[in-house]
2 protein chains.
Amino acid sequence: MEKKDIILAAALRLFVENGFHGTATARIAQEANVATGTLFNYFRTKEELIVALYCTILKEMDDFILERLESHSISKESFRSLFVSTLSWSLENRDHYRYLQQFDHSPYFKVVEETIAGQEEYPLFVLIKNGIDIVLIKQLPVSFIYSLFTAQINGLHYYIISNDLREDKELELISEAFEMLWKMIED
Amino acid sequence: MEKKDIILAAALRLFVENGFHGTATARIAQEANVATGTLFNYFRTKEELIVALYCTILKEMDDFILERLESHSISKESFRSLFVSTLSWSLENRDHYRYLQQFDHSPYFKVVEETIAGQEEYPLFVLIKNGIDIVLIKQLPVSFIYSLFTAQINGLHYYIISNDLREDKELELISEAFEMLWKMIED
DNA sequence: TATTTTTGTGACTGATTAGTCAATCTTAAT
DNA sequence: ATTAAGATTGACTAATCAGTCACAAAAATA
């Protein structure tokens, strides 16, 4: 599993830097210090590598967020935890986050759309569903709230990386942004 | 200017469908019913075509939004107009909007970042700046509010195209989403 | 009509690409 | 030590690509 991860890490760096088709498989292998043939032992095609990398990153992010979620109660604090964890992860793993976005907005996304389990399984999605049920959150479609929630995260992430703030200022802003979001979606 | 626009339109369709490098210049020329050489008469390189298409679409969107902005007062209604116009345009020109997003999240974006006039010139950005000055909007960095505003538009756009709603339901939701956004950013 | 200028053409090229495969190396079991 | 199974290699190939250029058609000018 060692080599596979090295290849994935090399691919991530190059895809983010040069785009999917702007990165030759041979270049990825070189960056990972393996032969071209080795890459194709682990991934049958380039597309399989691209999709596998996407799924791997998605899982890493999910694990990180769930790890940090202390309480499993349906409360404002749980929402805050998901919000803050997601942002922390996205800021500590900028290339990973960038890759997710690059993939989401590329034609490859439709490859995954049917295959992968949809939003319905994400922790945030489930929490919102429950939040609406117990009337903690506005009575609106779950995936609508979900879209706004993630959009807020995207917007804030973009702002922070565009104007690199001091650590403390950053945390303050994340907290403020969450309160604004909460005011928007609470019932 | 006729041929140039035909080429741009063909490029848009193919880039959205197959990605930047997934689309050969010869294929674009074919789709536009011109010779390969003709394409390179209008655009010196493929990258120039990609960037020109981005700028063209951005301008089209801006023109549409400004056309619809009746009052130039700094008021909630002006914000609503920008919000609704942007969403209307994005829903009536899905490929165009998709292209903008694909470009924004691709490595090509950095090519444009320094070249093109930044956010500071966009009508929405100016309006927010003024809105903050007259204390209509929360006293926070302009580009922070700007990021959240556009993020809300992205999130709503994504929700609407993912669950294609009836026309009336769609307008209702846009209106509701704006009120939520307003509650979030008003002072 | 004759001449110049602009616009359009598509076969061509040198470079690059994803993916293959026969040979070699590594590891572990007997 | 010998063998077998699996992992790794990188030269190779057939295909594809962006961009060129000598020429032709069309448009504009005289």
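What follows is a short walk through a predicted model, taking in how its two protein chains relate, how they meet DNA strands C and D, and what lines one of the pockets.

Start with the symmetry. Chain B lands on chain A after a rotation of 180° with 0.0 Å of shift along the axis, and the RMSD of that superposition is 0.0 Å. This is the relation of a two-fold axis. The contact between the copies fits in with this: 100% of the interface residues of chain B are interface residues in chain A as well, so the copies meet through the same surface.

Now for DNA strand C. Around it sit 14 residues, and the ones that come nearest are T25(A), K46(A), K3(B), T38(B) and Y42(B). Of the strand C atoms that come within 4 Å of the protein, 71% belong to sugar and phosphate. Two of the phosphate contacts can be spelled out: a polar backbone atom of T25(A) is 2.8 Å from a phosphate oxygen, while K3(B) places a polar side-chain atom 2.9 Å from a phosphate oxygen. The bases are touched too, with a polar backbone atom of G37(B) lying 3.4 Å from a base nitrogen of strand C. Helix α3 (residues 36-42) of chain B supplies the most to this surface, giving five residues. By class, the surface near strand C is made up of five nonpolar, seven polar and two charged residues.

On to DNA strand D, which also has 14 residues around it; here K3(A), T38(A), N41(A), T25(B) and K46(B) come nearest. Sugar or phosphate makes up 69% of the strand D atoms within 4 Å of the protein, and bases make up the rest. Chain A reaches phosphate oxygens of this strand through an N or O atom in the side chain of K3(A), at 2.7 Å, and through a polar backbone atom of A35(A), at 3.0 Å. From chain B, a polar side-chain atom of K46(B) is 2.5 Å from a phosphate oxygen. Helix α3 (residues 36-42) of chain A contributes the largest share of the surface near strand D, namely five residues. That surface holds five nonpolar, seven polar and two charged residues.

Last comes the second largest pocket, with a volume of about 330 Å³. Its lining counts 24 residues, and those nearest the centre are F20(A), H21(A), G19(B), F20(B) and H21(B). Helices α1 (2-18) and α7 (109-115) of chain A and α1 (2-18) and α7 (109-115) of chain B are the elements that each give two or more residues to the lining. In terms of class, the lining has eight nonpolar, eleven polar and five charged residues.

Key
Residues numbered from 1 in each chain as written. Chains lettered and ligands numbered in written order. Predicted model: local features only at pLDDT ≥ 70, side-chain atom pairs only at ≥ 80, totals over all residues. Heavy atoms only, no water. 1 Å grid on protein atoms, 1.4 Å probe; cavity = no way out; pocket = protein on both sides within 12 Å on 5 of 7 lines; lining within 4 Å. Points joined across faces, edges and corners; volume = space filled by probe spheres on them. Helix = DSSP H or I, 4+ residues; strand = E, 2+ residues; numbered from the N terminus. Nonpolar A, V, L, I, M, F, W, Y, C, P; charged D, E, K, R; others polar. Near = heavy atom within 4 Å. Polar contact = N/O pair within 3.5 Å; in protein donor to acceptor, adjacent residues only side chain to side chain. Least-squares fit on C-alpha atoms with pLDDT ≥ 70 in both. Contact = heavy atoms within 4.5 Å.
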